[in-house]
Amino acid sequence: MSKLDNLDLRLLLELVRDPRAQVSELSDLLGVARNTAQARMRRLLRAGALRPGGRELDLEALGYDVVAFITIEVAHRELDGVIAGLRTLNQVLEVHEISGRGDVWCRVAATDTHQLQVALRSVLRIKGVIRTETVLALHEHIPYRTEPLLERLVQLPPDA
């Protein structure tokens, strides 16, 4: 996709903040005509920045080409502080407390490997982080989805 301008980015931000926002609400928030907001949404969808359905973002189309999964070992008394520290890092997309090897798993996005390295160093500076292990995502074959779960529930008899 060609470079996104400030209006495109503000529109995407409002959609992330309120996925149910109507085009008229978006146009009011952004201070543009309804037709402008509608045209921008269509263009973002065609370009792949918005995924089908129009409310989920494609990070790669937005310039975040590097996605990594970080497993973090934490000093257990510091878990809440580590999670609070991760919350402050813009590149952290999600955080899960896990069982098995490591204590916390998080997904991060970066524009390139240099920006990923900066993010990893920020994670390591959080008080209570003992060590990390990072795995790079090479290609997304199946994006995050919930439709199959809902389809299964629709097909289940009421007692199942």
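Before you click on anything, one definition: buried means under 20% relative accessible area, exposed means over 50%, and partly exposed is whatever falls in between, using a 1.4 Å probe and protein chains only. Try it on Arg-42, which at 43% relative accessibility counts as partly exposed.

What you have open is a predicted model, where local features need pLDDT of at least 70, side-chain atom pairs count only at pLDDT 80 or more, and totals for chains, interfaces and linings use all residues. Residues are numbered from 1 along each chain as its sequence is written, and side-chain values use heavy atoms, with hydrogens and water left out.

**Stop 1: the whole chain**

Show the cartoon. You should find six helices and four strands; here helices (H or I, at least four residues) and strands (E, at least two) are DSSP runs, numbered from the N terminus. Coloured from the N terminus on, the elements go α-α-α-β-α-β-β-α-β-α. The radius of gyration is 19 Å, well over the 15 Å that the globule rule gives for 160 residues, so the chain is more spread out than a compact globule. That radius is taken over C-alpha atoms, and the rule is 2.2 Å times the number of residues to the power 0.38. For a bounding box, the C-alpha trace spans about 55 × 50 × 30 Å along its principal axes.

Now switch on the surface. Its accessible area comes to about 11100 Å², and 52% of that belongs to carbon and sulfur atoms; the areas come from the Shrake-Rupley method with a 1.4 Å probe, and for residues only the protein chains shown count as cover. Of the 160 residues, 29% count as buried.

Colour by charge next. There are 21 positive and 22 negative side chains, with the centres of the two sets 4 Å apart. Lys and Arg count as positive, Asp and Glu as negative, while His and the chain ends are not counted; each charge is placed at NZ of Lys, CZ of Arg, CG of Asp or CD of Glu.

If you like contact maps, look at pairs at least 6 apart in sequence: 63% of those contacts join residues at least 24 apart. A contact means heavy atoms within 4.5 Å.

**Stop 2: the N-terminal helices**

Select Leu-7 in helix H1. Is Leu-7 buried or exposed? At 15% relative accessibility, Leu-7 counts as buried. Leaving out residues up to four places away in sequence, Leu-7 touches Leu-30, Val-32, Thr-36 and Arg-40. Draw a C-alpha line from Leu-7 to Gly-63 and you get 16 Å, across 56 residues of sequence.

Move along to Gln-22, in the loop between helix H1 (6-17) and H2. Gln-22 is partly exposed, at a relative accessible area of 48%. Its C-alpha atom is separated by 31 Å from that of Val-66, 44 residues apart along the chain.

Then pick Ser-27, in helix H2 (residues 23-30). Ser-27 has a relative accessible area of 4%, so call it buried. With residues up to four places away again set aside, its contacts are Val-32, Ala-33, Arg-34 and Ala-37.

Back to Arg-42, which is found in helix H3 (residues 34-47). From Arg-42 to Leu-138, 96 residues apart along the chain, the C-alpha atoms are separated by 28 Å.

**Stop 3: the aromatic pair**

Which residues form the aromatic pair? Select Phe-69 and Trp-105: the pair is stacked, 5.4 Å centre to centre with 15° between the planes. For the cut-offs, rings of Phe, Tyr and Trp (its six-membered ring) pair if their centres lie within 6.5 Å; planes under 30 degrees apart count as stacked, over 60 as edge-to-face and the rest as tilted. Phe-69 sits in strand S1 (residues 66-74) and Trp-105 in strand S3 (residues 104-110), so the pair ties together parts that are 36 residues apart in sequence. Phe-69 is partly exposed at 26% relative accessible area, and Trp-105 is partly exposed at 22%.

**Stop 4: helix H6**

Finish on Val-154, in helix H6 (residues 147-155). Val-154 counts as exposed, at 71% relative accessibility. Draw one last line to Lys-127, 27 residues apart along the chain: the C-alpha atoms are separated by 46 Å.
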